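Me: Could you pick one part of this model and go through it closely with me? I'd like the cut-offs spelled out as you go.

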Amino acid sequence: MADIHNEKQTTPFIRLESISKGFETTNSPIDILSDASLSIAQGESIAVVGESGIGKSTLLHILGALDKPDAGRFFFREKDVFSMDKTRLAAFRNRTIGFVFQFHYLLSEFTALENVMIPGFIAGMPRREIRPEAEAILVRVGLKDRLSHRVTDLSGGEQQRVALARALVLKPRILLADEPTGNLDTKNSAQVHDFLLQLNREMGMTMVVVTHNMKLARYMQRQMTIHEGKLVDIE
Ligand SMILES: Nc1ncnc2c1ncn2[C@@H]1O[C@H](COP(=O)(O)OP(=O)(O)OP(=O)(O)O)[C@@H](O)[C@H]1O
Ligand SMILES: [Mg+2]
């Protein structure tokens with residue numbers, strides 16, 4: 001894999017500064033994140049745990065530059081992410097971030113392999129270049145024999161692993177994963193844990209993983225939750 005992960009860190013890698021995010025509801029507006037700040041070092045792995053509805057996915061969507069906060073700033077290597085123009089922001093989402101959604105959003109009419117190739121097509125890579133990468137990553141997540149299966153013919157756990165492969169195929173510097181083992185049995189969860197650990201240890205991939213799985217959470221260097229709209233370390 002590329003040596004982008006070995007760069008020396010001179011500035012904070014990721015920094016959220018006084019982020020607030022709320023939603024309008026029929027009754028009243030609700031504040032989910034409120035003046036929340038967070039610094040993440042390059043190569044750090046963070047588990048975000050906690051009750052349903054506290055804002056874990058909301059946080060991940062901001063880190064993935066998919067949702068803009070109402071206030072506050074998000075810096076990647078001291079560059080203000082939401083001040084980038086549309087093209088740069090799209091490239092940031094495509095190349096720097098790998099995102100595993102809570103509800104995986106695979107294209108159901110396409111095969112596992114095609115789904116994993118899509119980020120490469122978006123990045124403008126030729127098919128002959130992206131195809132071997134996509135195959136290799138699908139093999140890594142244990143789907144060697146499912147490459148040409150349509151997504152609709154895969155089990156929930158297999159779909160989740162396709163989503164993980166899609167997030168990783170371009171070797172992003174940052175992996176954001178929302179419940180990546182939510183649908184997996186013990187054996188496949190362990191396989192995904194090992195894989196994530198390997199990515200973190202061997203390639204220094206920075207990761208923020210939302211999980212209800214305490215075993216996975218303990219594998220990460222730092223465990224955090226959201227309390228009264230703020231990000232707090234546990235213990
Ligand atoms: N687009 C939206 N419009 C209105 N409310 C929203 C929207 N998105 C999220 N919310 C609300 O914000 C709160 C936080 O949602 P979020 O999805 O971040 O929770 P979560 O911690 O990921 O929960 P879970 O563990 O169930 O996935 C919830 O109460 C949710 O209903
Ligand atoms: Mg969620």
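Reply: Here's a close look at one strand, followed by the surroundings of the ligand.

This is a predicted model, so local features need pLDDT of at least 70 and side-chain atom pairs count only at pLDDT 80 or more, while totals for chains, interfaces and linings use all residues. Residues are numbered from 1 along each chain as its sequence is written, chains are lettered from A and ligands numbered from 1 in the order in which they are written, and side-chain values use heavy atoms, leaving out hydrogens and water.

Start with strand β8, residues 206-210 (strands are DSSP runs of E, at least two residues, and helices are runs of H or I, at least four, both numbered from the N terminus). β8 is mostly covered, with 5 of its 5 residues buried (under 20% relative accessible area with a 1.4 Å probe, protein chains only; exposed is over 50% and partly exposed in between). Thr206, Val208 and Val210 point one way from the strand, Met207 and Val209 point the other way, and all are buried.

What pairs with β8? Strand β3 (residues 45-48) runs parallel to β8 and is joined to it by 4 bridges (DSSP has to find at least two for strands to pair), with Val48 having Val210 as its bridge partner. Strand β7 (residues 174-178) is also parallel to β8, with 5 bridges between them, and here Leu175 stands opposite Met207. There's a helix in the story too: β7, α6 (residues 186-203) and β8 make a right-handed β-α-β unit (with the strands pointing away from the viewer, the path from the first strand over the helix to the second runs clockwise).

Now for ligand 1. Its shell includes Phe23, Ile32, Glu51, Gln102 and His212 (a residue counts if one of its heavy atoms lies within 4 Å). Helix α1 (residues 56-63) supplies the largest share of that shell, 3 residues. By class, you get 3 nonpolar, 7 polar and 2 charged residues (nonpolar: Ala, Val, Leu, Ile, Met, Phe, Trp, Tyr, Cys and Pro; charged: Asp, Glu, Lys and Arg; polar: the others, Gly among them).

On polar contacts (N or O pairs within 3.5 Å), a ligand oxygen is 2.6 Å from an N or O atom in the Ser52 side chain. An oxygen of ligand 1 also sits 3.3 Å from a polar backbone atom of Ile54, and one is 2.7 Å from a side-chain N or O atom of Lys56. Taken alone, ligand 1 exposes 640 Å², and the protein buries 61% of that (Shrake-Rupley areas, 1.4 Å probe).

Conventions
Polar contact = N/O pair within 3.5 Å; in protein donor to acceptor, adjacent residues only side chain to side chain.
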